[in-house]
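Grab the coordinates and work through these exercises at your own pace. Each one comes with a solution laid out step by step.

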Amino acid sequence: MEQENIKKKFSYIGVCYWLFMMLSFMFRQISRTIVSVNNIELNDWGKYLISMIPLWGMAFPIFYLLIRRVPKSEVGNEKRSLLGLLKIYPMSLMFIFAGSIIGNIIAIIASLITKTTIKNSVISTIMGRTVLASFVFACIMAPIFEELAFRKILIDRVGQYSQKYAIILSGVLFGLFHGNVFQIFYATALGMIFAYVYIKSGRVYYTMILHGIINFMHGVFPMLFMKKLNIDEILKLSQMDPNDPETIKKVIEVYSDPNFLAYLGWIFFIFALAVLGIVLLILQRKKIKLDESKSIIQEKKYIPDMFINTGMALFAVGTLFEVVYSILSQVMK
């Protein structure tokens, strides 16, 4: 009976997140159709709102009303200093790199199959918006709502069963919810890191801060320089004759551009932080542990019930639909 109840509970949670995903997709499509049919001109703030309101203003309240029926429990209460919190950022970088590489490889394979260049819609969106609008929505609004949905609301309801598997579930749902191949893998890894911080501390604002820092450092900040660079022109240089005086002239122009130098400096800085992160991870590996003594699930036979059930299967299918849709929408253009 206990095993059956666990399976039903996690299946219900999966259904809630599936409905959240599907409703947000539906409301976004309706909103965009209304704007398109009525030829409404939107500024950068309006373009962000047309995506955020259907997701967080319409789908999220329905999702919350459904999932709040699941009882919640207290999580950890471990305090961290600001420095201790900031250390987590460089420690997460190698996971971001690994996830990004996997996502880009899959995007390349999809591009070869469809014979269409599959672009990262997140980069395209930020590049096409003002810095202030991108900062507000990507570094403040998104971290607040996403951490509430995938850390506080979820872990408060599943952390009591198993801290370890609650962290995995939080990361997987968070990664899949992004719905595009470029983000799924590194978002899954980051979701697990954020989940660990929350399950140990019980302070969701810790993960909101970390989330905002990462979105800024890897989304908004590098775009400050990239927006001022002619990326297509830079890519063409690799196809030109290196001995041609005109090519040499253009290379010198690019390499002496302050924006290019600043972007290059940012890359070196991030790699230096990643090396620091690996060192910190090695030094602090023994401190990274969980207390499973109070977990409801102590037997491994119950673990599959958290992931293999009707609700989680629906969520996985919904994710596949979003990924395929995002690819086809670029192919059909």
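**Exercise 1.** Find how helix 5 and helix 8 cross, and list what lies between them.

Step 1: take the axes. Helix 5 (residues 131–158) and helix 8 (residues 204–226) have axes that come within 8 Å and cross at roughly 150°. Helices here are DSSP runs (H or I, at least four residues), numbered from the N terminus. Axes are lines fitted to C-alpha atoms over the stretch in contact, with angles from 0 to 180 degrees between N-to-C directions.

Step 2: get the hand. The crossing of helix 5 with helix 8 is right-handed, that is, the near helix is turned clockwise from the far one by less than a right angle.

Step 3: list contacts (heavy atoms within 4.5 Å). Helix 5 contributes residues including Phe-135, Ala-138, Glu-147 and Lys-152, while helix 8 brings, among them, Met-208, His-211, Gly-212 and Phe-216. The residues of this contact split into 13 nonpolar, five polar and three charged. In that sorting, Ala, Val, Leu, Ile, Met, Phe, Trp, Tyr, Cys and Pro are nonpolar, Asp, Glu, Lys and Arg are charged, and the others, Gly among them, are polar.

A note on the ground rules: this is a predicted model, so local features need pLDDT of at least 70 and side-chain atom pairs count only at pLDDT 80 or more, while totals for chains, interfaces and linings use all residues. Residues are numbered from 1 along each chain as its sequence is written, and side-chain values use heavy atoms, with hydrogens and water left out.

**Exercise 2.** Work out which salt bridges sit within helix 5, and whether their residues are buried or exposed.

Step 1: apply the rule, a side-chain nitrogen of Lys or Arg within 4 Å of a carboxyl oxygen of Asp or Glu. The count comes to five salt bridges.

Step 2: pick the helix 5 pairs. Arg-151 bonds with Glu-147 at 2.8 Å between the closest N and O atoms, and Asp-156 meets Lys-152 at 3.1 Å, N to O. Arg-151 and Glu-147 are four residues apart, so about one helical turn separates them; Asp-156 and Lys-152 are also four residues apart in helix 5.

Step 3: check burial (buried under 20% relative accessible area, exposed over 50%, partly exposed in between; 1.4 Å probe, protein chains only). Arg-151 is buried at 0%, and Glu-147 is buried at 0%. Asp-156 is buried at 4%, whereas Lys-152 is partly exposed at 29%.

**Exercise 3.** Which parts does the salt bridge of Arg-28 and Glu-322 tie together?

Step 1: the side chains of Arg-28 and Glu-322 meet at 3.7 Å, N to O. Step 2: Arg-28 is in helix 1 and Glu-322 in helix 13 (residues 310–331), so the pair ties together parts 294 residues apart in sequence. Step 3: Arg-28 and Glu-322 are both buried.

**Exercise 4.** Look at Arg-129: how far away is the nearest side chain of opposite charge?

Step 1: place Arg-129 in the loop between helix 4 (121–127) and helix 5. Step 2: Arg-129 is buried yet has no salt bridge, and the nearest side chain of opposite charge, Asp-44, is 4.7 Å away. Lys and Arg count as positive, Asp and Glu as negative; His and the chain ends are not counted. Step 3: not counting residues up to four places away in sequence, Arg-129 touches Asp-44, Lys-47, Tyr-48, Ser-134 and Lys-227.

Note on methods: Helices (H or I, at least four residues) and strands (E, at least two) are DSSP runs, numbered from the N terminus.
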